[in-house]
Amino acid sequence: MRIDLFFIPHQTDELALREKTVIVIDVLRASTTIITALSNGAREIIPVTTVESAVKISGNLFGDVILLGGERNGRMIDGFSLGNSPAEYTAERVRGKAIILSTTNGSQALVKARYARELFVCGFVNIGTVADALWRTPRDFTIVCAGNDGALSMEDSVCAGMLISRVAASGGAEPEMSDGALVARTLHRTFGRGILKMIRSSEHGRRLQEIGMGADLKLCSGIDTLPVLPLLEGNVIKLRDEQERKAPGVHSQES
Ligand code: MLT
């Protein structure tokens with residue numbers, strides 16, 4: 001097994017990720033929001049990079065089953081129904097809905113990795129479920145951290161390191177790792193004992209506290225609180241069980 005890691009999406013490209021097993025991590029907050037929404041019964045998440053694409057796609061889809069969600073500068077986008085706080089994605093709001101999600105960093109990472117052979121969405125809240133999926137059927141994998149405005153983010157890197165540690169501890173031979181993967185594992189060894197404290201002191205965590213969204217940090221730092229496995233198929237993220245049932249859903253191409 002080989003583990004590669006990119007601290008920001010710009011370190012890689014769509015072709016390099018093609019046909020790989022890719023794990024996208026955006027702890028604050030897109031991963032956590034996606035995992036929460038699907039846990040609370042959202043039918044699917046459609047990640048898109050731009051507000052214009054989100055509006056256009058929603059216009060092409062039918063009915064009252066579509067919600068627009070996302071943020072710019074951490075705040076809800078004008079005209080959207082939901083921001084990017086996991087707390088907003090309650091069962092009452094999202095059950096049965098398809099959510100078109102556009103966020104500053106997380107959506108970009110997801111769209112960049114859309115040609116992966118398989119793509120899992122990971123945060124602290126579902127890390128054990130992702131680790132289980134990876135070691136039960138051992139294969140090489142690549143972690144893409146969303147980062148923060150084009151720069152490395154502490155919380156994504158520590159989460160990546162925790163995932164690597166868990167997979168490596170699951171038995172078998174020590175995986176071969178890129179330097180990025182080794183650095184992330186070291187970061188987790190250093191900061192992993194106090195996840196909420198680490199998140200609160202991170203650049204993105206401080207910014208969210210400044211704009212009154214500090215409560216999200218606790219939700220995003222919960223470990224294994226939402227044991228589900230979101231995965232991308234086509235342009236749509238669903239829970240693995242949903243994929244296996246092949247439930248009909250809303251599919252659309254970003255243009
Ligand atoms: C992102 O995708 O950039 C983040 O989720 C930003 C945020 O905290 O809302």
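Buried means under 20% relative accessible area, exposed means over 50%, and partly exposed lies in between (1.4 Å probe, protein chains only). The model shown is predicted: local features need pLDDT of at least 70, side-chain atom pairs count only at pLDDT 80 or more, and totals for chains, interfaces and linings use all residues. Residues are numbered from 1 along each chain as its sequence is written, and side-chain values use heavy atoms, with hydrogens and water left out.

**View 1. The residues around the ligand.**
The shell around the ligand takes in Asp26, Leu28, Arg29, Ala30, Glu71, Asn84, Thr103, Thr104, Asn105, Gly106, His204 and Leu208. Each has a heavy atom within 4 Å of the ligand. By class, the shell holds three nonpolar, six polar and three charged residues. Here Ala, Val, Leu, Ile, Met, Phe, Trp, Tyr, Cys and Pro count as nonpolar, Asp, Glu, Lys and Arg as charged, and the others, Gly among them, as polar.

**View 2. Polar contacts and cover of the ligand.**
Three residues place a polar atom by an oxygen atom of the ligand: Glu71, Thr104 and Asn105. For Glu71, a polar side-chain atom lies 3.5 Å from a ligand oxygen. Thr104 uses a backbone N or O atom, at 3.4 Å. Asn105 also offers a backbone N or O atom, at 2.6 Å. A polar contact here is a pair of N or O atoms within 3.5 Å. The protein buries 98% of the 270 Å² that the ligand exposes when taken alone. Those areas come from the Shrake-Rupley method with a 1.4 Å probe. The ligand occupies the largest pocket. A pocket is an open set of points on a 1 Å grid over the protein atoms alone, where a 1.4 Å probe fits, with protein on both sides within 12 Å along at least five of seven lines. A molecule sits in a pocket if more than half of its atoms lie within 2 Å of the pocket's grid points.

**View 3. The cis peptide bond and helix H2.**
Leu28 and Arg29 are joined by a cis peptide bond, with omega about -10 degrees. Both residues belong to the ligand shell. Arg29 sits in the loop between strand S2 (21–25) and helix H2 (30–39). Helices (H or I, at least four residues) and strands (E, at least two) are DSSP runs, numbered from the N terminus. H2 is mostly covered, with nine of its ten residues buried. They are Ala30, Ser31, Thr32, Thr33, Ile34, Ile35, Thr36, Ala37 and Leu38. Ala30 is also in the ligand shell. Just after H2, Gly41 has a positive phi of about 100 degrees.

**View 4. Positive phi at Asn73 and Asp149.**
Neither residue is glycine, yet phi is positive at Asn73, near 55 degrees, and at Asp149, near 50 degrees. Asn73 belongs to the loop between strand S4 (66–72) and strand S5 (75–76). Its relative accessible area is 62%, so Asn73 is exposed. Asp149 belongs to the loop between strand S8 (141–145) and helix H7 (154–168). Asp149 counts as exposed because its relative accessibility is 59%.

**View 5. Ala113 and Leu15.**
Ala113 lies in the loop between helix H5 (106–112) and strand S7 (118–122). With a relative accessible area of 0%, Ala113 is buried. Leu15 is 98 residues away in sequence, and the C-alpha atoms of the pair are 8.8 Å apart.

**View 6. Strands S10 and S11 and the loop that links them.**
Leu231 is part of strand S10. Leu231 is buried because its relative accessible area is 13%. Thr129 is 102 residues from Leu231 in sequence and 12 Å from it in space, C-alpha to C-alpha. Gly234 occupies the loop between strand S10 (230–233) and strand S11 (236–239). At 49% relative accessibility, Gly234 counts as partly exposed. Gly234 and Ala131 stand 103 residues apart along the chain, with 23 Å between their C-alpha atoms. Ile237 belongs to strand S11. Ile237 counts as buried, at 0% relative accessibility. Ile237 and Ala98 are 139 residues apart along the chain, and 9.7 Å separates their C-alpha atoms.

How values were computed. A polar contact is a pair of N or O atoms within 3.5 Å; within protein, one must be able to donate a hydrogen and the other to accept it, and residues adjacent in sequence count only if both atoms are side-chain atoms. On a 1 Å grid over the protein atoms alone, a cavity is a set of points where a 1.4 Å probe fits but cannot get out, and a pocket is an open set with protein on both sides within 12 Å along at least five of seven lines; lining residues have an atom within 4 Å of a point.
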